[in-house]
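Q: I am new to this structure and would like a close look at a single part of it. Please take me through that part slowly, and then through its surroundings.

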Amino acid sequence: MENVKYYFKTDEDRGRSNPAAIMRRFTSEDSRRDEVYNFRLRRWTATEFFDKHRLGHNEFDYVEVPQEEAERMLAEKARRQAEKGR
């Protein structure tokens with residue numbers, strides 16, 4: 001993957017400290033792919049969020065975050081989900 005950028009999906013109730021979703025966008029020489037982390041499936045899956053947001057479907061916003069912050073939030077949300085399942 002080249003040029004990977006990470007984003008948190010936010011709104012007025014779900015800020016950077018507890019985002020609604022964790023997303024990433026990466027590009028290669030000839031393509032672009034947008035993904036969201038699916039905690040139920042425990043993997044990255046395709047998302048149309050950025051395209052829909054650009055077209056005006058913006059009930060949620062997004063903020064770019066460093067990879068390290070995205071990885072910390074992924075680990076924290078996975079831990080919280082595992083605790084719920086106990």
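How many residues does α2 have, and how far does α2 reach from its first C-alpha to its last?

A: This is a predicted model, and what follows should be read as a description of that model. In it, α2 has 18 residues and reaches 26 Å from its first C-alpha to its last, which is close to the 26 Å expected at 1.5 Å a residue. The residues of α2 that are buried are E69, A70, M73, L74 and K77, and because they cover an arc of only 140° around the axis, they lie on the same side of α2. Behind such a pattern is a general rule: an α-helix has 3.6 residues a turn, so residues three or four places apart point the same way.

One of these buried residues, A70, leads to a strand, since A70 is among the residues in contact with V65 when neighbours within four places in sequence are left aside. V65 lies in strand β5, which runs over residues 61-65, and V65 counts as buried because its relative accessible area is 4%, under the 20% cut-off. Besides A70, the contacts of V65 include Y6, Y7, F8 and R16. The C-alpha atoms of V65 and K5 are separated by 7.6 Å, although the two residues are 60 apart along the chain.

α2 also takes part in the pockets of the model. The largest pocket holds about 220 Å³ of space, and its lining consists of R14, P19, A20, A21, I22, Y37, F39, K77, R80, Q81 and K84. Two elements, β2 (21-27) and α2 (67-84), give two or more residues to this lining, and the largest share, 4 residues, comes from α2. By class, the lining of the largest pocket has 6 nonpolar, 1 polar and 4 charged residues. K77, listed among the buried residues of α2, is also one of the residues that line this pocket.

The second largest pocket has about 150 Å³ of space, and Y37, F39, R40, R42, L74, A78, Q81 and A82 line it. Here too α2 gives the most to the lining, with 4 residues, and the lining divides into 5 nonpolar, 1 polar and 2 charged residues. L74, another of the buried residues of α2, belongs to the lining of this second largest pocket. Y37, F39 and Q81 appear in the linings of both the largest and the second largest pocket.

Terms used:
Residues are numbered from 1 along each chain as its sequence is written. This is a predicted model: local features need pLDDT of at least 70, side-chain atom pairs count only at pLDDT 80 or more; totals for chains, interfaces and linings use all residues. Side-chain values use heavy atoms; hydrogens and water are left out. On a 1 Å grid over the protein atoms alone, a cavity is a set of points where a 1.4 Å probe fits but cannot get out, and a pocket is an open set with protein on both sides within 12 Å along at least five of seven lines; lining residues have an atom within 4 Å of a point. Grid points are joined across faces, edges and corners, and a volume is the space filled by probe spheres set on the points. Ala, Val, Leu, Ile, Met, Phe, Trp, Tyr, Cys and Pro count as nonpolar, Asp, Glu, Lys and Arg as charged, and the others, Gly among them, as polar. Buried means under 20% relative accessible area, exposed over 50%, partly exposed in between (1.4 Å probe, protein chains only). Contact means heavy atoms within 4.5 Å. The expected span of a helix is 1.5 Å times one less than its number of residues. The arc is that of the directions from the helix axis to the C-beta atoms.
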